[in-house]
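Colleague: I have the model open and would like a close look at one part of it. Please pick a single piece, tell me what it packs against, and then fit it into the rest of the chain.

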Amino acid sequence: MVHVITGGAGYIGGHLTDYLVNKDEVIVIDDFSYGKYVNQKAKYIKADLRKESEIKIPKDSVIFHLAANPDVRTSMIDPIEHFERDVKATLNTLEIARKNDAKIVVFASSSTVYGEAQKIPTPEDAELKPISNYGLYKLMGEQMVEYYSRVYGIKGVSVRIANVTGGRVSHGVVYDFVHKILKNNKRLEILGNGKQRKSYIYISDAVEGLVFLSERSEGKYSVYNLGNEDWITVDEIAKIVEEEMNVSPEHVYIDPGDGRGWAGDVRFMLLDISKIKRLGWRPKYSSREAVRLAVRDLLNELRKN
């Protein structure tokens, strides 16, 4: 079995490469503009998927499409750059799948496609009303995967992933809080009102869920939520970080008035994962455990460096 991972030098892609490389052949496609991670056992093709669609891969490959700009915040500032990396890169990946007769395309979508969901926990058949360009472009990616599956016969699965955290994380609230406290352990700036409540999934659970769906997803095209069964507030995350770093800083809230941390920030997110659970998968770690493990991972990495 050959696994092709776009964005395999990035955060989730790097962990997915590590997970698969001892089992099967792994080919990573990445331009190394964001991620720099390299596993010596994998084969790397340096390519810019905003422009490349003629890359040769073995027939019947399993493609995990993870290449994207993952920063929701900057998608509201530079939508064209995000469109190139999140939409054009997806189209070219699907063209690579079509031209090489790939077995399946597993598309890393996002919980952001739901926007401010009316139903929580949010099932896969809920209304899709993204409030960020990142969420919009992920929804466009899902539509393209469904189209290629229906028109060209390529099996596809869109995986709407909750917030992923854990070892080697390079952005997000855990990373943000740890680095802010390292700079000033007396004051912690919190974006929003601290009451935003979201679900988190530990990196190993996310990777195992993606692989599980590549093998067990049902139908020619399907959509699955991949997340946790609990959620946690930003204030609670701050408390966990402070406990692990043994500090008690003053909290300073940067709240524009609507409780959001930034334009496009979804305030409340908890996915209904009953669909994937029926197939036999469930996360090993809760949101709180994922956050605490992520803090420890990050602090260990900083000590080593």
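Modeller: Let's take helix α1, whose buried residues pack against β1 (2-6), β2 (25-30), β3, β4, β7 (163-165) and α6 (203-216). Before you lean on that, keep in mind that this is a predicted model, where local features need pLDDT of at least 70, side-chain atom pairs count only at pLDDT 80 or more, and totals for chains, interfaces and linings use all residues. Residues are numbered from 1 along each chain as its sequence is written, and side-chain values use heavy atoms, with hydrogens and water left out.

A few terms, then. Helices (H or I, at least four residues) and strands (E, at least two) are DSSP runs, numbered from the N terminus. Buried means under 20% relative accessible area, exposed means over 50%, and partly exposed is in between, using a 1.4 Å probe and protein chains only. Contact, or touching, means heavy atoms within 4.5 Å.

Back to the helix. α1 covers residues 11-20 and is mostly covered, with eight of its ten residues buried. Those are Tyr 11, Ile 12, Gly 13, Gly 14, His 15, Leu 16, Thr 17 and Leu 20. As a reminder, an α-helix has 3.6 residues a turn, so residues three or four places apart point the same way.

Leu 16 is a good residue to zoom in on in α1. Its relative accessible area is 0%, so Leu 16 counts as buried. Leave out residues up to four places away in sequence, and Leu 16 touches Ile 5, Phe 64, Leu 66, Val 207 and Val 211. Measure on your screen from Leu 16 to Glu 208 as well: the two are 192 residues apart in sequence but 8.2 Å apart in space, C-alpha to C-alpha.

Now step out along the elements that α1 packs against. β2 and β3 are joined by a loop that holds Phe 32. Phe 32 is not a glycine, yet has a positive phi of about 60°. Most residues other than glycine have a negative phi, and most peptide bonds are trans. Phe 32 has a relative accessible area of 17%, which means it is buried. One loop further on, between β3 (43-46) and β4 (62-65), you'll find Asp 48. Asp 48 is buried too, because its relative accessible area is 16%. The Asp 48 side chain makes a polar contact with the side chain of Arg 50 at 2.7 Å. By polar contact I mean a pair of N or O atoms within 3.5 Å; within protein, one must be able to donate a hydrogen and the other to accept it, and residues adjacent in sequence count only if both atoms are side-chain atoms.

From β7, the chain runs through a loop to α5 (173-183), and Arg 168 is in that loop. Arg 168 has a positive phi of about 70° without being a glycine. Its relative accessible area is 32%, so Arg 168 is partly exposed. Gly 166 has its C-alpha 6.5 Å from that of Leu 293, although the two are 127 residues apart along the chain. Leu 293 is in helix α9 (residues 287-304) and is partly exposed, because its relative accessible area is 23%. Not counting residues up to four places away in sequence, Leu 293 touches Tyr 202 and Tyr 285.

For another backbone detail, click on the loop between β5 (104-110) and α4, where Pro 121 is found. The peptide bond from Ile 120 to Pro 121 is cis, with omega near -5°.

And the whole chain? There are nine helices and 14 strands, and buried residues make up 57% of the 305 residues. Among contacts between residues at least 6 apart in sequence, 78% join residues at least 24 apart. The radius of gyration is 19 Å, which agrees with the value near 19 Å for a compact globule of 305 residues; that radius is taken over C-alpha atoms, and the globule rule is 2.2 Å times the number of residues to the power 0.38. Along the principal axes, the C-alpha atoms fill a box of roughly 55 × 45 × 40 Å.
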